[in-house]
Amino acid sequence: MRHSDEIGTPRGPARVHTDLPAAGGATVLVLGHGAGGDVDAPDLVAVRDELVGAGAGVIRVTQPYRVAGRRAPAPAGHLDEAWTAVLAALRSRHPEATRWLVGGRSSGARVACRTAHTVGAAGIVALAFPLHPPGRPERSRDGELRTGLPTLVVNGDRDPFGVPEPGPGVEVVTRPGERHDLRGDPAATAAVVRDWLRGRGWLPT
């Protein structure tokens with residue numbers, strides 16, 4: 001099933017693009033976009049295609065500031081507030097889903113990490129997690145990844161935003177030759193996500 005509509009949040013309407021497997025899915029992964037990007041980024045689309053084919057649902061969320069036509073991102077607190085409202089609405093909308101995962105690329109991955117406990121996520125998928133601003137390694141955001149929840153990070157080895165280190169509960173897969181956009185081989189990135197979910201028993205056998 002494929003469906004797109006809007007969900008109201010305290011920061012304006014967010015747009016949700018819902019893709020569910022034909023047989024329904026116990027696991028649903030909700031993905032957010034990068035700061036100036038959208039949910040049609042190659043890695044997000046590839047993950048959607050791979051996971052829906054493997055029996056999981058994928059819902060991509062466009063933040064209210066992008067729905068309103070702005071490219072400059074909203075403050076972190078506004079992003080988190082809108083995301084949390086969307087997840088609450090999605091849980092009510094899809095009571096058949098028993099396992100909710102959150103994630104996204106870049107800024108969307110940061111939002112997912114910051115709110116994962118609030119929304120009751122079972123795990124996190126962080127694509128191109130921006131460890132620090134380019135050229136500013138002293139401004140590390142590593143703490144956002146240390147949620148205590150199972151977390152997969154997929155970053156390119158040429159990402160100017162850096163590559164996080166693995167740690168307790170945090171698995172890091174570094175894609176050779178990839179930069180921050182992960183455009184080189186989106187299908188391979190999606191396969192990493194699929195295999196991680198399958199290894200945790202979160203996909204149908």
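The second largest pocket of this predicted model holds about 160 Å³ of space. Charged residues number five in its lining, beside four polar and three nonpolar ones. From there, this briefing turns to the largest pocket, the one cavity of 30 Å³ or more, and two helix pairs: α3 with α4, and α1 with α6.

**Second largest pocket**

- Along one part of the chain, the lining of the second largest pocket includes Gly 34, Ala 35, Gly 37, Asp 38, Ala 41, Pro 42 and Asp 43.
- Arg 105 and Ser 106 also line the second largest pocket, and so do His 180, Asp 181 and Arg 183.
- Two of these lining residues, Pro 42 and Asp 43, turn up again in the contact that α1 makes with α6.

**Largest pocket**

- The largest pocket has a volume of about 180 Å³.
- Its lining is made of 14 residues, and those closest to the pocket centre are Ala 35, Pro 73, Ser 107, Arg 110 and Arg 141.
- Two elements, α3 (76-93) and α4 (107-115), give two or more residues each to this lining.
- Helix α4 provides the largest share of the lining of the largest pocket, with three residues.
- Sorted by class, the lining of the largest pocket has eight nonpolar residues, three polar ones and three charged ones.
- Ala 35 belongs to the linings of both pockets: it is among the residues closest to the centre of the largest pocket, and it also lines the second largest.

**Where α3 meets α4**

- The axes of α3 and α4 come within 10 Å and cross at roughly 70°.
- Because of that angle, α3 counts as roughly perpendicular to α4, a class that covers 65 to 115 degrees.
- The crossing of α3 and α4 is right-handed.
- On the α3 side, the contact is made by Ala 76, Leu 79, Asp 80, Trp 83 and Thr 84, while α4 brings Ser 107, Val 111, Ala 112, Arg 114 and Thr 115.
- Five nonpolar, three polar and two charged residues make up the contact of α3 with α4.

**The cavity**

- How many cavities of 30 Å³ or more are there? The count comes to one.
- The volume of this largest cavity is about 50 Å³.
- Gly 32, His 33, Gln 63 and Tyr 65 line the largest cavity, together with Leu 79, Trp 83, Ser 107, Gly 108 and Val 111.
- Helices α3 and α4 each supply at least two residues of the cavity lining, and the largest share, three residues, comes from α4.
- Leu 79, Trp 83, Ser 107 and Val 111 are in the cavity lining and also in the contact between α3 and α4.
- Ser 107 has a further role in this picture, as one of the residues closest to the centre of the largest pocket.
- No charged residues line the largest cavity; its lining has five polar and four nonpolar residues.

**Where α1 meets α6**

- Helix α1 (residues 42-53) packs with helix α6 (residues 186-199) at an angle of about 45°, and their axes are 8 Å apart.
- That angle makes α1 oblique to α6.
- The crossing of α1 and α6 is right-handed.
- From α1, the residues in contact are Pro 42, Asp 43, Ala 46, Val 47, Glu 50 and Leu 51.
- Their partners in α6 are Pro 186, Ala 187, Ala 190, Ala 191, Val 193, Arg 194 and Leu 197.
- The contact of α1 with α6 has ten nonpolar residues, three charged ones and no polar ones.

Definitions and conventions:
Residues are numbered from 1 along each chain as its sequence is written. This is a predicted model: local features need pLDDT of at least 70, side-chain atom pairs count only at pLDDT 80 or more; totals for chains, interfaces and linings use all residues. Side-chain values use heavy atoms; hydrogens and water are left out. On a 1 Å grid over the protein atoms alone, a cavity is a set of points where a 1.4 Å probe fits but cannot get out, and a pocket is an open set with protein on both sides within 12 Å along at least five of seven lines; lining residues have an atom within 4 Å of a point. Grid points are joined across faces, edges and corners, and a volume is the space filled by probe spheres set on the points. Helices (H or I, at least four residues) and strands (E, at least two) are DSSP runs, numbered from the N terminus. Ala, Val, Leu, Ile, Met, Phe, Trp, Tyr, Cys and Pro count as nonpolar, Asp, Glu, Lys and Arg as charged, and the others, Gly among them, as polar. Axes are lines fitted to C-alpha atoms, for helices over the stretch in contact, and angles run from 0 to 180 degrees between N-to-C directions. Angles under 35 degrees count as roughly parallel, over 145 as roughly antiparallel, 65 to 115 as roughly perpendicular and the rest as oblique. A crossing is left-handed if the near helix is turned anticlockwise from the far one by less than a right angle, and right-handed if clockwise. Contact means heavy atoms within 4.5 Å.
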